[in-house]
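Here is a briefing on one protein model. Look over the sequence and the fold before reading on.

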Amino acid sequence: EAEGIRKRIAKLEQALAVGSNDISAFSDGSGTWQVRGITGLTWDTCIYHLTVDQPPSEPHPCPEDMWHVEVFHEGQLREYTPTSDAKAWEEGRLDLLVKTYMDGH
């Protein structure tokens, strides 16, 4: 099972290396966020480093509070809590901690 997850991570890293655009996130109309790097933490957990060409035009609505982003990938919408702060989001950078489950969900 862990080998399957390693293969999925390798596939995502390969897509990232060739500039694939099939991995994206959306944030309240501010544009399409692209994965610019992946940092593996454990065999099933990575931090995805995202950027956007045009940062949000307005300040973060809740800079002092916990917040979430919705990520749409392969037909599924999921919510994540960023590990980066509101200032990074305002600058067009976003880090998400993502756990990959054995069944892919």
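A contact here means heavy atoms within 4.5 Å. On that basis, residues 24 or more positions apart account for 48% of the protein's contacts with a separation of 6 or more. The model is predicted. Its mean pLDDT is 75, and 69% of the residues score at least 70.

**Fold and surface**

- The protein has two helices and six strands.
- Along the sequence, these elements run α-β-β-β-β-β-α-β.
- The protein has 105 residues, and 35% of them count as buried.
- About 6,800 Å² of the protein is exposed, with carbon and sulfur atoms supplying 51% of that area.

**Confidence**

- Which strand has the lowest mean pLDDT among the elements, and which the highest? Strand β1 (residues 24–26) has the lowest, at 42, and β3 has the highest, at 92.
- Across residues 21–29, the pLDDT is below 50. This stretch still has 27 contacts in the model beyond near neighbours in sequence.

**Nonpolar core**

- The largest nonpolar core holds 15 residues. Those that touch the most other members are Trp-33, Tyr-48, Leu-50, Val-69, Tyr-80, Leu-94 and Leu-96.
- Strands β2, β3, β4 and β6 (93–99) each supply at least two residues of this core.
- Which residues does Val-69 touch, leaving aside those up to four places away in sequence? They are Arg-78, Glu-79, Tyr-80, Pro-82, Leu-94 and Leu-96.
- Val-71 sits in strand β4. Val-71 counts as buried because its relative accessible area is 14%, below the cut-off of 20%.
- Val-71 and Leu-96 lie 25 residues apart in sequence. Their C-alpha atoms are 10.0 Å apart in space.

**Salt bridges**

- How many salt bridges does a search of the whole structure find? The search finds four.
- One of them pairs Arg-36 with Asp-53, with 3.9 Å between the closest N and O atoms. This pair links distant parts of the chain, 17 residues apart. Arg-36 is in strand β2 (residues 32–42), while Asp-53 is in the loop between β3 (45–51) and β4 (69–73).
- Is Asp-53 buried or exposed? Asp-53 counts as exposed because its relative accessibility is 74%, over the 50% cut-off. Its partner Arg-36 is partly exposed, at 47%.
- Glu-91 forms a salt bridge with Lys-87, where the closest N and O atoms are 3.1 Å apart. Glu-91 also forms one with Arg-93, where the closest N and O atoms are 2.4 Å apart.
- Salt bridges with shared partners therefore join Lys-87, Glu-91 and Arg-93 into one network.
- Within this group, Lys-87 is exposed, with a relative accessible area of 53%. Glu-91 counts as partly exposed, at 38% relative accessibility. Arg-93 is partly exposed too, with a relative accessible area of 41%.

Definitions and conventions
Residues are numbered from 1 along each chain as its sequence is written. This is a predicted model: local features need pLDDT of at least 70, side-chain atom pairs count only at pLDDT 80 or more; totals for chains, interfaces and linings use all residues. Side-chain values use heavy atoms; hydrogens and water are left out. Helices (H or I, at least four residues) and strands (E, at least two) are DSSP runs, numbered from the N terminus. Buried means under 20% relative accessible area, exposed over 50%, partly exposed in between (1.4 Å probe, protein chains only). Accessible areas come from the Shrake-Rupley method with a 1.4 Å probe; for residues, only the protein chains shown count as cover. A salt bridge is a side-chain nitrogen of Lys or Arg within 4 Å of a carboxyl oxygen of Asp or Glu. A nonpolar core is a set of buried Ala, Val, Leu, Ile, Met, Phe, Trp, Tyr and Cys residues joined through side-chain atoms within 4.5 Å. pLDDT is the predictor's confidence in each residue, from 0 to 100.
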